[in-house]
Amino acid sequence: MSSVAGTLGAQLFEDARETPATLDAFLAQVERRAFRMAELQLRQREDAMDAVQDAMLRLVKHYRERPATEWAPLFWGILRRRIVDLQRRRKVRSIVVGWLGGGRDDDGDELPTWEPADQGPGPLDRLHDAQSYADMAAAVRQLPQRQREAFMLRMLEGLDVAETAQAMGCSEGSVKTHLSRAMHHLRDQLEDWR
């Protein structure tokens, strides 16, 4: 969460992108973001590349004929499931290797046991995450009610501007204004986390 406000601001511009005309254009548009997402979750560059490539191939193979407006949710769903599959395989592999151990060589000496590296965050990272989350939550709680609602619905729930306006009972322009003010306030409050 080191760049919470910057990331949130970038998401606003992503929403403004037009739907690409071809599947190739769509894949080119999401490739970098998909890789970043996969690498953050898998923590290994090669696995992330495999996950993104597999998601793209599956989208092309099974959903090429779908309307362009459906490509984004289909692709992100495929990628999410592929990431979860890779994480499960790692877990099973580490359990099996742990059970089997390294075995013994011809002389009866115990072979070293392969232990996968702990890819999880260390204590300092967990502390940093907890502190940044607490600061983010406090900053969101400080927002005026309408700004907080706009922020929560747009950024955390992923509703578009029209859906947010309907949920809040106001115009789309009001949603944009409330969200802009909320983002400005959060950037100021969370400057230390950049």
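**Helix faces, salt bridges and rings**

Student: Let's start with one side chain: what relative accessibility does R146 have?

Tutor: R146 counts as partly exposed. That class is what lies between buried, under 20% relative accessible area, and exposed, over 50% (1.4 Å probe, protein chains only). The value for R146 is 30%.

Student: Good to know! What kind of model is this?

Tutor: Residues are numbered from 1 along each chain as its sequence is written, and side-chain values use heavy atoms, leaving out hydrogens and water. Local features need pLDDT of at least 70, side-chain atom pairs count only at pLDDT 80 or more, and totals for chains, interfaces and linings use all residues, since the model is predicted.

Student: Which residue forms a salt bridge with R146?

Tutor: A salt bridge here is a side-chain nitrogen of Lys or Arg within 4 Å of a carboxyl oxygen of Asp or Glu. The closest N and O atoms of this pair are 3.2 Å apart. Both partners lie in helix α6 (residues 145-156), three residues apart, about one turn of the helix. The partner, partly exposed at 24% relative accessibility, is E149.

Student: Which residues do salt bridges with shared partners join into one network?

Tutor: Shared partners are the link to look for. They join D54, R58 and R82.

Student: Within that network, how far apart are the closest N and O atoms of D54 and R58?

Tutor: D54 and R58 are four residues apart in helix α3 (residues 45-63), so about one helical turn separates them. R58 is partly exposed, with a relative accessible area of 40%. The closest N and O atoms of D54 and R58 are apart by 2.8 Å.

Student: And which residue does E70 bridge to?

Tutor: E70 is partly exposed at 29% relative accessibility, and its partner is partly exposed at 39%. With the closest N and O atoms 3.0 Å apart, E70 forms a salt bridge with R66.

Student: Turning to rings, how many aromatic pairs does a search of the whole structure find?

Tutor: Rings of Phe, Tyr and Trp (its six-membered ring) pair if their centres lie within 6.5 Å; planes under 30 degrees apart are stacked, over 60 edge-to-face, and the rest tilted. By that rule, the number of pairs found is three.

Student: Why is the pair of F26 and F75 given its class, and what is that class?

Tutor: The two ring centres are 6.0 Å apart and the planes meet at 85°, which sets the class. F26 sits in helix α2 (residues 23-42) and F75 in helix α4 (residues 68-100), so the pair links distant parts of the chain, 49 residues apart. F26 and F75 are both buried. The pair is edge-to-face.

Student: Which residue pairs with F75 at 5.2 Å centre to centre?

Tutor: This pair is also edge-to-face, with 75° between the planes. F75 has a relative accessible area of 0%, whereas its partner is partly exposed at 25%. That partner is W76.

Student: Last one: how far apart are the end C-alpha atoms of helix α5?

Tutor: Helices are DSSP runs (H or I, at least four residues), numbered from the N terminus, as strands are (E, at least two). The expected span is 1.5 Å times one less than the number of residues. For the 20 residues of α5 (residues 123-142) that gives 28 Å, which agrees with the model's 29 Å.

Student: Which residues of α5 are buried?

Tutor: The face turned away from the buried side carries the exposed P123, L124 and R141. The buried residues of α5 are S132, M136, A137, A139 and V140.

Student: Within what arc do those buried residues of α5 fall, seen down the axis?

Tutor: The arc is that of the directions from the helix axis to the C-beta atoms. The buried residues line one face of α5, because they fall within an arc of 160°.
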